[in-house]
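Let's take a walk through this structure together, from one contact outward to the wider picture. Have the model open and ready to turn as you read.

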Amino acid sequence: MTDTRTPMSDPLLSLRDVRVTFRTADGLITPVDGVSFDIARGETLALVGESGCGKSLTALTILRLIDAPGRIEPGSRILFDGRDVLTLGDKELRGIRGKQAAMIFQEPMTALNPVYSAGEQIAEVVRTHADGSRSAAWDRAVAMLGAVGIPSPEIRAKQFPHQLSGGMRQRVMIAMALVMNPSLLIADEPTTALDVTIQAQLLDLLREAQQARGASMLLITHDLGVVAESAQRVAVMYAGQIVEEAPVTTLFAAPQHPYTQGLMAAMPRAGTRRQRLTTIPGTVPPPGAWPTGCRFADRCAYAWSRCTTEAPPLHQLGDGRSSRCHLVTEPERRVAQIAGAMA
Amino acid sequence: MTSIALASGDWRVIAQRLRTDRRSLLAGAVLAAMIALVLLGPLLSPYRPYEQLDITHLVHAPPSAEHLLGTDSYSRDVLSRVLSGGRVSLAVATSAVLIEVLVGVLWGLASGLAGRGIDTLMMRIVDAGLSVPRVLLLLALLAAMPSVPVWLLVLVLGLTGWFGTARLVRGEVRTIRGADYVLAARALGATPARLALRHLLPHALGPVLVASTLAVGQVIVLEAGLSWLGIGVQPPQPSWGNIIGDGYEFIASAPWVSLGPGFCLVLVVLAVSALGDGLRDALAPRQLPRT
């Protein structure tokens, strides 16, 4: 599965044919199966998809955080700022983690260590990556807490995670990620665990912090509303593969892949009369149970015989768009399906 | 999570809980008094512990104003020997437990962090250690040695007692190492050493503290037993165990020789156990039975 797209000029992050395998009791599975994408400097790429499609694993791969029995397969390439992450030594890798590329996790409840205060956890990141005294690191942590919008940061810095609200805990996580001014932020569902008003505040905070630093961001989410607000480009993942990629406006205007269309249709819209939300029937097949043809075929309204026998390649459509669907080569079937549905 | 309160540095909460627990308070007071007594022993004791006062007239003198706990078969003052022997007994027990904790924590930490193969090997060694009764192991080891200085006794006691601690720590580390915040710390560049010491170890310390408090009680009894058998602390140096042993032959005619140190031994062990229990409850109030 070689990637034929024209490479972006000087991207900050570039993944090529990244494959992650896990050895399980039932044999070898490949939950991330040939993922490629680029992120330009200052750009936000959203990676969307249902639970279990491999989004988070892809994110962990970038900082090489996959543990046994998982394995990043040889042949995968991850270039960060011109350096091949997969061949770096442990020490150089730790120099990237947290300093040049930082990760924000989904659950602020469990991603903060309950035994250290908020300030200590931020200061620890500083002391890992920068020389200087304990008190200098502490002062920087307090300043950072203020910068992410936590009131009276001197007091909050001394508090433990269980003394902070969910939104504040996530602000602490963001402060930990931002404190070294990384050039890449990896945010894995950063607002999923929070309520809606806090979500919006935190997305604004992330966006402002990112723009102020000229950083790039990989934003992982299953919420298309979040995508529309925050990202410039979108990659849609399904069953371990990217099935569609496009600039955000194009994607929302004219989604190409039936899966993307399904996701859009399943999105609740403000201002419309209350009605049943459309759903995509079925669930993502687990890795190991993937069909030989198109992995979405059994849930797809357009599927025909070719879809169950032949896996579609990621067709390039120009203007940075791509779709992994046979409809690209047989567009008349789209019309036939719609006509059939209307008849 | 048993140890969150402890590890969050919330010592005040723990201290508060201990202070409001009558059993812990009493145990702590008894223990503090005992420790003070044996530490101040040289100042308080009316005679020198080795001194044979009057081998013709003062053998097996019952307790009196001059000899509060009587005298033994060598006409030595039992109280003086109990005070001096307490120092030895308590020092041996606490040093041995320190060795237990040190070895056990390091072994458990390494095993918990190691890959599957090494972890299995390390834990089988622990199983082997736990499968042999400690007293038998100690008897075999100590009996094989021509002489047993006190430091060697401490070492042997410590090195036969760390298996449980290792298993405890290893279990905690295994549980915590999959936690999100450990992954988060790695994602932010923490070194393996930092992960082990700052993120994994603190969680194991609560249970270890409880276990080692209880272990002090066990080791005091073990040392007493070994000394009573004559392979622990060697006479004429007194320890509670060998003073009890000295009096054993004359238990019918001069019971005070064994009863004095025996009473101290029971008191200290009970206090240590009660304090360990109290500490466990203070660290994990959720495990308290409902009242």
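A good place to begin is a single pair of side chains: A:Glu124 and B:Arg198 meet in a salt bridge, with 3.6 Å from N to O. Please keep in mind that this is a predicted model. How many salt bridges does the rule find across the interface of chain B and chain A? There are three.

Now widen the view to the interface of the two chains. On one side, 19 residues of chain B take part, and they are in contact with 28 residues of chain A. Which residues of chain B lose the most area to chain A? They are B:Arg186, B:Leu188 and B:Arg198, and together they account for 31% of what the chain B side buries. You have already met B:Arg198, as the partner of A:Glu124 in the salt bridge. The size of an interface is often given as the accessible area lost when the parts come together. By that yardstick, chain B and chain A bury about 2,200 Å² between them, and carbon and sulfur atoms carry 58% of it.

Next, stay within chain A, which has an internal interface to look at. This chain is divided into domain 1, made of 9–100 + 183–267, and domain 2, spanning 109–179. The C-alpha centres of these two domains of chain A are 25 Å apart. Where they meet, 15 residues of domain 1 of chain A are in contact with 12 residues of domain 2 of chain A. About 1,000 Å² is buried between the two domains of chain A, 67% of it on carbon and sulfur atoms. On the domain 1 side, A:Leu202, A:Leu205 and A:Arg213 lose the most area to domain 2 of chain A, giving together 37% of what that side buries. Across this interface between the domains of chain A, the rule finds zero salt bridges, whereas the interface of chain B and chain A has three.

Finally, turn to the surface of chain B. Here B:Ile35, B:Leu37, B:Leu39, B:Leu40, B:Leu43 and B:Leu44 form a nonpolar patch, with about 590 Å² of accessible area together. Two elements of chain B give two or more residues to this patch: α3 (22–39) and α4 (41–44). Of the contributors, α3(B) gives the most, with three residues. Is B:Leu44, which lies in helix α4 of chain B, buried or exposed? It falls in between: B:Leu44 counts as partly exposed because its relative accessibility is 47%, and that class runs from 20% to 50%.

Technical notes. Residues numbered from 1 in each chain as written. Chains lettered and ligands numbered in written order. Predicted model: local features only at pLDDT ≥ 70, side-chain atom pairs only at ≥ 80, totals over all residues. Heavy atoms only, no water. Patch = residues over 30% accessible without salt bridge, like charges linked within 9 Å, V, L, I, M, F, W, Y side chains within 5 Å. Areas by Shrake-Rupley, 256 points an atom, 1.4 Å probe, with all protein chains shown as cover. Salt bridge = Lys/Arg side-chain N within 4 Å of Asp/Glu carboxyl O. Helix = DSSP H or I, 4+ residues; strand = E, 2+ residues; numbered from the N terminus. Buried < 20%, exposed > 50% of the residue type's maximum accessible area, 1.4 Å probe, protein only. Domains from an automatic or database assignment. Contact = heavy atoms within 4.5 Å. Buried area = accessible area lost by both parts, 1.4 Å probe.
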